[in-house]
Structure formats: C-alpha cells, structure tokens
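Good morning, and thank you for making time for this item. Please keep the sequence and the structure in view while I speak.

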Amino acid sequence: MKASAGYQIVTLNEFIINRQEEHPEARGDLSRLLHHIGVAAKIVNKKINKAGLVDILGEAGEVNVQGEDVKKLDVFANDHFIAAIQASGEVCAIASEENQEIVTFDDGLSRDGHYVFCMDPLDGSSNIEVNVSVGTIFSIYRRTSPEGERAQVSDFLQTGDHQVAAGYVIYGSSTMMVYTTGNGVDGFTLDPGIGEFCLSHPGIRTPDEGRIYSINEGNYVHFPMGVKQYIKYCQEIDPDTHRPYTSRYIGSLVSDFHRNLLMGGIFIYPQTQSAPKGKLRLIYECNPVAFIAEQAGGAATNGSTRMLEVIPDDLHQRVPLYVGSRKMVDKVKAFLHQYP
Ligand code: P6P
C-alpha cells in the first residue's frame, strides 16, 4: 500500500536550530531562550484550558482540593514565565507588567546572561472568565549594562528598534506562538497530541491594505479629532476602496492584533479621557507588536513617531498605539496630521 504523503512536521525547536545554523556566529543563546519561552507557554496553556473549571480548581486566593494555593492566572503565568526564563540562563533580568520593579537574577547562571526580557505574562486576563482568547507578549533586548553586574532599569529603556526578538502566545481556539528575530515572522500551532509547537504559518506577511478597523468606539467622544475623522472615513461608502470597512474589536490586544496581522487591518488605542497617554504599555505591549508588524510588512506609530523609535522613559510607560496594514496606518497618520 502506497505510504500516504504525510506533511513534514517542523517543531519549534527544530525551526529554532535550523534558523540558528543560518547564523554561524550565533552561539545558541537566543535559541535556548526561545525554547524556554515555548516550555512556559505550554505550562500556562495547560492551566488556562482548565480555567473554566474554577469550581473544581478553586478561586484565586483559596486552597484547592489538592491543598494547593490557587493563584490568579496572570500571577500563575508571571511566576512560570519568570521561572522558565531564569532556567534558560540567558537572561539577567525581567520587566513584567505584573512587577512594579525589574526582577534581577544574580544566580551564577543568569548573572552573565546577555539578554533582558520584557513581558505582559497574560494580557487581557479579565477576558478569561468569559472564555475570550488571551495572550502572553514578550520582547528581548541585549543588555547594555556591564555583564556580570546586576542589571539596571536602563537595560530596558532602549528604543524598540533594538529588540533582538519579540513575539506573543495566543491562548485561543488553538494555542499559537508567533515571533520574529528580525528575519520575518513565523507562527507555530501547539499540537496537544504531541505537546509540540509546530510550524503552521511560515513567513507571515500582513496585507498592505485591510478592511478591518479595531478600536473601542465606546470612547469616541474623547478621541482626538484625527481619530474621529478616520473612523468616519472607515464608515463612508466607497466601493473603489472597499469601504465601509468592518469593525472588529475583541478587547484582547493579542487576539485583535493576530487577526489583523493575518487578514489585514488596523488596531487603534488612542488617548482617551481615562487614558490620556493611551492605555497600552510601550515596552511589553506596543514595541513587540510593532516589531512583528514591521517584520510582516506592516507599520506602527504612537501617532507622531514610528513606534520603534519612541524613546522610553519609564518601564510601564503608556503610549497611543496605531498598528497594522501599512497603508491603513499611513492613512490614519494623515488624518492625525490634518487634525492635530
Ligand atoms: P478597553 C486588555 O485589558 C487590554 O490591556 C488589551 O489586551 C486590550 O487591547 C485593551 O486592554 C482593551 O481595553 O479599554 O477597550 O477595554
């Protein structure tokens, strides 16, 4: 019987090693780090998949039937990513949305780590109880402080164009890891049967033009005039430019960004009354998605400056975010310029 032409499975680890071989100078540090991110993502995924069973597993802050302290899922995710990243031995410090200060490692293995790691361990976690997809967002830089010494906050206040790698894990109907090391964007889908992330979206490119705009229009009255005018532009009838566009807003950055990355579209979180500087964080939300967007052919700005050139001044700094298909980002920038 003729063997079926099975497709070739490329696991995340095989892909990482194959890519490393393209860089003879690479010493495997980043490869090891990316592998550990994948491990942490599988641990978090397993927990999130059971989140709906809270009655059995217990509410955060309680002790469950196994006698374990039940933690909020974002604390659980934070703890496990910190542990996995430290175990890689490649990172000397972490900046996390869950920690006001940086977490520095001074164990022998990590103190000499060449990298620092930024993350939102579980973005959109408030959506979990209604079973909406959530995600982990991460960004990696080379340290700038002297190796062997304790890392400094300045290690994290680099512009986004200094990122060595960035990515996200989306815990959705399937769990995916999407990342870039500056050579394009690749997506991996977790195969629960073998417990491996397998290459499912090689060489992701985002369409130059899209027909989806994503923004929380509940904040409309507080939007800058340029944003209001752009929304009106999206809603006008013009068959030649495929308008009106479709409004799609999940309220989970990773989910909205991932859909627009694959289908084309723009995600906007501008200044609002409750978030006068924008809501999303520069270092571990906006810069990573901006790096991925640009590597896939898209664009990202804070409204006036290319996102990857915004100079950070605080670990948890918030900025307005316009990210997605290049022509759509250019169009909203034109409206912002016309209506300053
Ligand atoms: P709003 C989730 O809380 C989050 O940080 C992002 O994932 C999401 O894009 C945004 O906030 C949604 O904010 O104000 O529209 O609910």
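Let me begin with a single side chain: is Y233 buried or exposed? In this predicted model, Y233 is buried, with a relative accessible area of 13%. The cut-off for that term is under 20%, so the value of 13% for Y233 qualifies.

I shall stay with this tyrosine and its surroundings. Y233 belongs to helix α6, residues 225-235, together with Y230. The two tyrosines are three residues apart in that helix, and so they are separated by about one helical turn. Their ring centres lie 6.0 Å apart and their planes make 25 degrees, so the pair is classed as stacked. Y230 is likewise counted as buried, at a relative accessibility of 1%. The ring of Y233 has a further partner: the charged end of R243 sits over it, 3.8 Å from the ring centre. Beyond the pair, Y230 and Y233 join Y245 and F335 in one aromatic cluster.

How many aromatic pairs does a search of the whole structure find? The search returns ten. One of them is formed by Y220 and F223, with 6.3 Å from centre to centre and 70 degrees between the planes, an edge-to-face arrangement. The exposure of these two residues is as follows: Y220 is partly exposed, with a relative accessible area of 33%, whereas F223 is buried, at 5%.

I turn now to the sheet in this part of the chain. Five strands form an open sheet in the order β10-β9-β11-β13-β12, and their pairing is mixed. Its edges are β10, residues 246-247, and β12, residues 299-301, each of which pairs on one side only. Within the sheet, β9 (residues 212-214) and β11 (residues 266-269) are parallel and are joined by two bridges. If you wish to locate that register on the screen, Y213 has I266 of β11 as its bridge partner.

Which strands does helix α7 touch? This helix, residues 253-263, packs on the sheet and touches β9, β11 and β13, the last of these being residues 321-324. The direction of α7 makes about 160 degrees with that of β9. Helix α9, residues 326-338, lies across β9, β11, β12 and β13, and runs at about 150 degrees to β13. F335, named earlier as a member of the aromatic cluster, falls within the residue range of α9.

Next, a strand from earlier in the sequence. Strand β1 covers residues 91-96, and six of its six residues are buried. With β3, residues 115-123, β1 pairs in the parallel sense over five bridges; V91 has Y115 of β3 as its bridge partner. With β2, residues 103-104, β1 runs antiparallel, and two bridges join them. Here A93 stands opposite T104 of β2. These two strands, β1 and β2, form a hairpin with six residues between them.

Finally, the overall division of the chain. The domain assignment gives domain 1 as residues 12-201 and domain 2 as residues 212-338. Taken over C-alpha atoms, the domain centres are separated by 25 Å. How many residues does each domain bring to the contact? Domain 1 contributes 44 residues and domain 2 contributes 30.

To close, I return to the opening residue: Y233 is buried, is stacked with Y230, and has the charged end of R243 over its ring. Thank you; I would be glad to take your comments.

Methods: Residues numbered from 1 in each chain as written. Predicted model: local features only at pLDDT ≥ 70, side-chain atom pairs only at ≥ 80, totals over all residues. Heavy atoms only, no water. Pairing = 2+ DSSP bridges. Helix = DSSP H or I, 4+ residues; strand = E, 2+ residues; numbered from the N terminus. Contact = heavy atoms within 4.5 Å. Axes fitted to C-alpha atoms, helices over the stretch in contact; angles between N-to-C directions. Buried < 20%, exposed > 50% of the residue type's maximum accessible area, 1.4 Å probe, protein only. Phe/Tyr/Trp six-rings, centres within 6.5 Å; stacked < 30°, edge-to-face > 60°. Lys NZ or Arg CZ within 6 Å of the ring centre and 35° of its normal. Domains from an automatic or database assignment.
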